[in-house]
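Me: Please take a close look at one part of this structure, starting with a single residue. I should like to understand how such a part fits into its surroundings.

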Amino acid sequence: MAYYYDEPSHTFGEYLLIPGYTSADCIPEHVSLRTPVTRFNKKAGEESDLYMNIPMVSAVMQSVSDDKMAVALAQEGGISFIYGSQTIEAQAAMVARAKSYKAGFVTSDSNIRPDQTLEEVIQLIQKTGHSTIAVTADGTSHGKLEGIITERDFRVDHFPAGSKVRDYMIPFKDMITGQDGISLSDANDLIWKHKVNQLPIIDKNGNLVSLVFRKDFDSAANHPNELHDSKHRYIVGAGINTRDYMQRVPALLDAGVDVLCLDSSEGYSEWQARALHDIHDKFGKNVKVGAGNVVDRDGFMFLAENGADFVKIGIGGGSICITREQKGIGRGQATATIEVAKARDEYYQKTGIYVPICSDGGIVHDYHITLALAMGADFVMLGRYFARFDESPSNKVIINGNYMKEYWGEGSSRARNWQRYDLGGKAGMSFEEGVDSYVPYAGHLHDNVAITISKVVHTMCNCGALTIPELQEKAKITLVSAVTVQESGAHDVTVKNASVSYKS
């Protein structure tokens, strides 16, 4: 006979937090959102090998997570999982670009020879979007440095056809440079002392090593939560599937990826267990691999016991996901998060190993993030939220006079990411489990994440908590009625400025 749950499953929108005592020390400036990403032996006093400074990661989706999103989110303290529904070479290239784009020493990927023409300079600027181009003897990233040319060194359409780069560039003899091994602090001191916009770093033979930009100094000042590795490169994640992982993982590791995630609509499967063991056996236990998605205790225990470094929760709760409609599979996101959090704590008490959990889907309002954390999630994964920003890879379009961003699911006919829904049969999609849609354009990621994080931090203070573990310990959570939900927003008035509401 089938098993029946006694209680219905619930979503985040059916809960509210009850305020706790707020002490004089419980102010936003004292709150830390630092959270572990991968498993560690907590009882032995160990720490995770990987932490985030904010509890937010971007979804493994074509319309959300590329190298541009990876850089932008790492600057805020989170991690982007670059989508895997592309060729191995293309995904590895995205990882490599994000890893090289660190707030500090940047490998030059816009280079030209001195004997090339200004027309070629313009083409390169249009192709890369970079206004500064290193001039090297052989036109490579690490060739002998001959000079620098920028779009300010010549007037477009005001030079003779065929003009050479050497006649317009700033020659090496007139440049300020730094020697390989210089600290980032000393490099920035040189930039400010000599009032230059960039500082080429060269080795003892005059070969270009990297560039340090003035704008990155400003960027670091504006992004105090930047997430770096030991070499001061941004932390970057990537999604993988259960089909080609033995070819994809080594390419991603060579590109410098920090953490991987098995991306599947349903992770309680033999295919994920095999992938976890194969990857850890072949490439080492230090390769960090999250798994999922699951919605109950059994699913969590299965993945944790098979070596998952973190476990992702959620089936059918995403705004573009129609898995529940198509297959009748899923569970309310709040209920799933609560049960899996209890399983995570049970596993920790039994083994001493803490396996972080990620709530993926079901986030409609910013306060749902705080609820997910209070219910036990260590971090949340967001798709629609990040798809709205300039940094997502989708197109910005005008629909009915309003700016929108395209947003489509991995199970849609547009993405055709059949590997995400693979059950071990023939290759290909049998039917759609996602839709193609638009979301309201919201501007820059930095500005929006700052507002969201501010809401989370202030709510934690209302609950008397200064850390995520403290929130999980102290939170008081109540189910609410449909009438209470209606009461929770502006009502019985005509709102002058609808933009204050996050109901877009």
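**A cysteine, a barrel and two polar residues**

Reply: In this predicted model, C26 counts as buried, with a relative accessibility of 5%. A disulfide is a covalent bond between the sulfur atoms of two cysteines. Taking a limit of 2.5 Å between the sulfur atoms, the count of disulfides comes to zero. C26 therefore takes part in none, as the nearest cysteine sulfur, that of C461, is 4.2 Å away. C321 also remains unbonded, because its sulfur is 15 Å from the closest cysteine sulfur, in C358, which is too far for a bond. Whereas C26 is buried, C321 is partly exposed, at a relative accessible area of 21%.

The sheet may be considered next. Eight strands close into a barrel, in the order β5-β6-β15-β16-β17-β18-β20-β21, and their pairing is parallel. On average, neighbouring strands of this sheet are turned by 30° against each other, direction ignored. Strands of a sheet pair through backbone hydrogen bonds, either parallel or antiparallel. One pair shows the arrangement in detail: β6, residues 79-82, runs parallel to β15, residues 237-240, and two bridges join them. Here I82 stands opposite A238 of β15. Helix α7, residues 270-283, packs on the sheet and touches β15, β16 and β17. The direction of α7 makes about 175° with that of β17. Helix α1, residues 67-76, lies across β5 and β6, and runs at about 165° to β6.

Beyond β6, the loop between this strand and α2 contains T87. At 46% relative accessibility, T87 counts as partly exposed. Its side chain reaches the backbone nitrogen of A90 at 3.0 Å. Although T87 and R248 are 161 residues apart along the chain, their C-alpha atoms are separated by 8.8 Å.

Another strand of the barrel, β20, spans residues 357-360 and holds S359. Is S359 buried or exposed? At 0% relative accessibility, S359 counts as buried. Leaving aside residues up to four places away in sequence, S359 touches several others, including F12, I313, Q333, F379 and M381. With Q333 there is also a polar contact of 2.9 Å between the two side chains. A90, by contrast, lies 28 Å from S359, C-alpha to C-alpha, and 269 residues away in sequence.

Conventions: Residues numbered from 1 in each chain as written. Predicted model: local features only at pLDDT ≥ 70, side-chain atom pairs only at ≥ 80, totals over all residues. Heavy atoms only, no water. Pairing = 2+ DSSP bridges. Helix = DSSP H or I, 4+ residues; strand = E, 2+ residues; numbered from the N terminus. Axes fitted to C-alpha atoms, helices over the stretch in contact; angles between N-to-C directions. Contact = heavy atoms within 4.5 Å. Buried < 20%, exposed > 50% of the residue type's maximum accessible area, 1.4 Å probe, protein only. Polar contact = N/O pair within 3.5 Å; in protein donor to acceptor, adjacent residues only side chain to side chain.
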